[in-house]
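Me: I would like to go through this model by question and answer. Please keep the replies brisk.

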Amino acid sequence: MMGSWKKGLQTALAIALVTLPLAACGGNNDNGGASSATATGGSSGATQAGDGKLEKVRVSLWDRSNSPNGQKLEDTVIVKKLQEEARKEGLDVEYVVLPRSQESEKNNIWMASGGGPDIIITYDMNAMFKWAEQGGLWELDDLLEQYGPDIKKLIGPSLEAAGTYKGKRYAIPAMRMSTAAASNMKIRQDWLDKLGMKAPTTLDELYVTLKAFKEKDPGGVGKDNVVPYALPAISQGMKGFFFGPMWGAGVAIDGPATEMYMPSGNFQDGVFHSAVALKEGKEFFRFLNKLYKEGLISKEFVTDVNSQQFIQNYTSGVSGFMDSNEDPWTVTKETRKTVPEAKWVTLDPFVRPNGTQAMTEANVYGLLNMVPKSSKNPAAAVKYLNVLAKNIKLVQAGIEGVHFKEENGLYVAIDPVKNAEEIDWYFKDLNLLTQGYMGNPTKEQMKKQFANEPNPDEIADILDPYFKSFEKFGKQGPLIDTPRPVSDKNVANITKFLYDALSKAVIAKDFDAEWENVVSGWKKNGGEEYDAEVTQNLVAMNWKTTNE
Amino acid sequence: MKEWKKNYDLYLLLVPAVVFFIVFAYIPMGGLVIAFKDYNLFRGLWGSDWAGLANFREMFSIPEFFRITRNTLLLNLLGLLVCFPAPILLALMLNEVRSRYLKKISQSMLYLPHFMSWIVLGGIVYAVLSPKYGVVNQILRWLGMKEIYFMADQTWWVITYTLSAVWQSAGWGTIIYLAAITAIDPALYEAASIGGAGRIRKIASVTLPSIMPTIVILFILAVGHMVSIGIEQPLALANSVVSDVSEVISTYVYRVGIKQGEFGLTTAVGMVQSVINLCLVVAANHFAKRAGGEGLW
């Protein structure tokens with residue numbers, strides 16, 4: 001018997017020894033990923049120009065893995081053209097490609113390892129504050145003064161609005177040329193017409209409308225298949241939201257923007273209350289709970305963490321209402337591929353309990369460009385942005401005469417099919433300085449913009465109310481640029497807790513009992529201290545509530 | 001010293017392995033210092049201020065700490081109870097298959113899930129169990145039963161988690177046992193046959209005792225992983241609604257440590273985890289020896 005013990009022992013040990021190193025390699029993957037990503041953008045290094053010494057600068061570029069024909073981002077037309085323009089100004093530009101979805105991980109790893117590009121980008125203002133506080137970012141005031149005259153000319157208003165921390169500049173924020181960009185409500189006009197119904201104007205009317213969509217099935221897709229309100233899992237990856245309905249329930253955006261995709265809360269009588277601490281917030285989630293119970297939102301929404309089903313629901317024509325960032329024409333076009341008669345139109349904000357109407361509007365500032373301390377040549381980073389500012393049309397519309405022509409302030413595509421292939425899928429991500437190139441277009445301008453489509457008049461009719469509703473009802477949240485230690489400590493846990501807890505409240509059998517868990521958990525994670533700190537800041541900046 | 005001189009060539013062969021462990025296992029342990037620091041990314045490991053035991057104190061004050069520890073233990077314990085015996089049974093059954101082709105084919109099929117990433121497997125699990133579109137619920141409906149939202153129900157989620165782990169790993173796990181089984185002396189089986197033993201009797205009296213040492217050693221190793229848990233599976237299968245049971249140490253460290261940059265705190269969590277694992281291995285080894293078998297050392 002002893003012999004077989006030994007043999008078994010040997011086999012087991014031998015195999016364990018073979019597998020152990022494999023396991024060790026698996027554990028080290030994190031670091032490996034970061035270094036391999038930085039190595040991908042090396043195409044420019046080889047093409048050194050002969051004249052003089054070039055300054056090297058490495059720039060982040062988001063990869064949305066949406067290349068239509070397998071083309072590599074680094075080999076695209078606009079990338080090549082930009083590198084050429086930069087070389088004229090003595091810069092050797094290398095684009096460091098990172099997957100769009102890994103923004104925060106990659107940035108954190110780069111900040112920790114010091115191997116990152118010279119320009120890193122994020123929309124996360126809190127991340128910028130945190131890095132600035134820890135001393136991880138170059139101060140940009142003097143550099144911008146010295147090397148960025150064209151930047152200042154181009155995006156003055158957004159520089160004024162954001163990018164500073166404790167009075168010093170750590171980020172160059174891109175400017176939104178039109179602030180009509182944020183979550184907005186859309187409804188299927190053709191469904192309403194079929195049922196002879198008017199567009200809902202309050203949350204209660206929305207319920208009646210959704211119910212009718214479900215019961216009368218105006219799309220003819222089969223009663224059981226209708227998902228009246230398309231909504232994905234409440235998570236960081238969500239592409240459809242409930243901003244509009246929640247505004248309609250009486251919650252406003254007086255708090256700082258966090259990772260939670262919903263109105264943040266109200267500033268009432270000099271005190272800030274987070275949405276979950278408001279009775280309006282509670283009533284709103286009771287409303288969602290009711291929708292869930294009656295099958296008016298997807299029964300499976302909590303597991304739709306990638307928004308796959310959400311997209312499928314509205315594009316396949318089984319949904320009649322949604323709240324998302326796309327404009328109504330974009331989603332109409334998508335939906336018409338399967339349902340040719342579909343027509344999504346803008347739904348104006350609901351009349352709120354206090355009689356007002358409001359919706360979230362984008363702030364004038366957007367994407368933040370930062371130069372990490374690990375960058376050896378911060379001046380080159382600013383110089384690159386200045387080159388970009390000079391050539392801004394390249395990243396706003398492509399190469400003039402090749403991809404677009406200018407007609408009274410409009411950049412009109414010459415050949416949309418060619419553009420779709422050559423530039424459309426990435427060139428906006430190269431634009432680190434502006435989002436869009438003009439303010440809200442007039443109806444006439446829209447008709448011109450969409451002259452290549454078969455129905456420019458209809459598109460203008462669909463889009464005009466969209467811009468109008470932002471102009472009429474849009475509100476912007478506060479930007480607090482002073483340190484908030486309590487928030488730094490708690491906000492991550494609060495956010496994570498709320499994503500989980502709110503989902504549970506929506507599908508709860510007993511809503512009131514579950515809501516108590518939401519509130520008590522929020523308090524346990526430091527929610528009340530968080531609110532008190534926000535209150536202090538709002539009072540200090542003399543904030544006027546967006547609730548009225 | 002004499003011994004060293006005499007067998008220097010053998011020791012030379014050992015060098016690569018020793019270097020490997022020093023470079024990839026022992027040097028990185030220095031990073032544990034982060035657990036005792038108020039870690040600042042930009043000032044680095046040595047530039048950051050000492051924080052004493054503050055990170056550990058904070059760890060115990062997180063409302064979630066006990067939940068994630070409990071979930072890790074629960075999922076691992078179920079894994080040990082269900083996933084550990086699965087490959088043994090499977091190996092015994094495979095060993096009894098007489099047709100070589102059938103054996104080869106079924107073995108290959110069983111290994112397949114092991115080579116797929118959990119992200120893919122997670123997608124498959126979600127699709128198969130979807131209440132509206134999934135095949136399992138279609139069968140339930142066809143049998144006249146109510147559909148079950150498996151992935152949003154805590155109990156079902158835990159069951160799904162455990163069984164999907166079996167699906168993924170059981171086939172691969174048989175390799176070790178099959179290797180051990182082939183090493184058994186055929187004379188033992190012949191003797192058993194002469195003694196009039198049937199198949200079942202042979203399994204119980206020859207095969208199982210012969211592979212017992214392998215089982216014990218793998219069991220000790222498995223116990224050593226009780227407190228640590230891979231990240232891929234919980235991450236791929238979790239969702240908000242079941243976070244009460246699905247949030248485990250590794251996913252927490254990933255979300256809070258990597259995504260939010262709380263390195264000190266999460267290093268402390270990782271360190272406590274390793275210490276507990278070490279204790280468990282030592283204890284398991286001790287008991288294995290006392291029970292009369294052989295331990296790891």
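Reply: Two strands pair if DSSP finds at least two bridges between them. Helices (H or I, at least four residues) and strands (E, at least two) are DSSP runs, numbered from the N terminus. This is a predicted model, where local features need pLDDT of at least 70, side-chain atom pairs count only at pLDDT 80 or more, and totals for chains, interfaces and linings use all residues. Residues are numbered from 1 along each chain as its sequence is written, while chains are lettered from A and ligands numbered from 1 in the order in which they are written.

Me: Which residue of S15(A) does A:Glu406 stand opposite?
Reply: Strand S14 (residues 404–407) and strand S15 (residues 410–413) of chain A run antiparallel, joined by four bridges. Across this pairing, the residue opposite A:Glu406 is A:Tyr411.

Me: Which residue in the turn of the S14(A)–S15(A) hairpin has a positive phi?
Reply: The hairpin has two residues between its strands. One residue in the loop between S14 and S15 of chain A is exposed, with 8 other C-beta atoms within 10 Å. Exposed means 12 or fewer such atoms, buried means 20 or more, and partly exposed lies in between, with C-beta atoms placed from the backbone. The residue with phi of about 25° is A:Asn408.

Me: What is the phi of A:Ser65, and where does this residue lie?
Reply: A:Ser65 lies in the loop between strand S1 (55–63) and helix H4 (77–88) of chain A. It has 9 C-beta neighbours inside 10 Å, so it counts as exposed. A:Ser65 is not a glycine, yet its phi is positive, at about 40°.

Me: Which strands stand at the edges of the sheet S3-S13-S6-S16 in chain A?
Reply: This is an open sheet of four strands with mixed pairing. Each edge strand has a single partner strand, so one side of each is left without a neighbour in the sheet. The edge strands are S3 (120–122) and S16 (434–435) of chain A.

Me: At what angle to S6(A) does helix H8 of chain A run?
Reply: Helix H8 (residues 149–161) packs on the sheet, touching S6, S13 (365–370) and S16 of chain A. Contact here means C-beta atoms, placed from the backbone, within 7 Å. Axes are lines fitted to C-alpha atoms, for helices over the stretch in contact, and angles run from 0 to 180 degrees between N-to-C directions. The angle is about 95°.

Me: In S16(A), what is the bridge partner of A:Arg176?
Reply: Strand S6 (residues 172–176) of chain A runs parallel to S16(A), with two bridges joining them. The bridge partner of A:Arg176 is A:Gln435.

Me: Which residue of S13(A) does A:Met175 stand opposite?
Reply: S6(A) and S13(A) run antiparallel, joined by three bridges. S13(A) is largely enclosed by the rest of the structure, because six of its six residues are buried. Opposite A:Met175 stands A:Tyr365.

Me: In S13(A), what is the bridge partner of A:Ile121?
Reply: S3(A) pairs with S13(A) over three bridges, in the antiparallel sense. The partner of A:Ile121 is A:Asn369.

Me: What is the average twist in the sheet S10-S7-S11 of chain A?
Reply: This open sheet has three strands with antiparallel pairing. Its edge strands, S10 (321–324) and S11 (344–346) of chain A, each pair on one side only. From one strand to the next, the twist averages 35°.

Me: In S11(A), what is the bridge partner of A:Arg188?
Reply: Strand S7 (residues 184–188) of chain A pairs with S11(A) over three bridges, in the antiparallel sense. The partner of A:Arg188 is A:Trp344.

Me: How many C-beta neighbours does A:Ala233 have inside 10 Å, and is this residue buried or exposed?
Reply: A:Ala233 is in the loop between helix H10 (203–216) and helix H11 (243–249) of chain A. Its C-alpha atom is separated by 5.1 Å from that of A:Val305, 72 residues apart along the chain. Not counting residues up to four places away in sequence, A:Ala233 touches residues including A:Ser503, B:Asn239 and B:Ser240. With 24 C-beta neighbours inside 10 Å, A:Ala233 counts as buried.

Me: What percentage of the residues in chain B is buried?
Reply: Chain B has 16 helices and two strands. Its C-alpha trace spans about 80 × 75 × 35 Å along its principal axes. Of its 297 residues, the buried share is 29%.

How values were computed:
Two residues are in contact if their C-beta atoms, placed from the backbone, lie within 7 Å.
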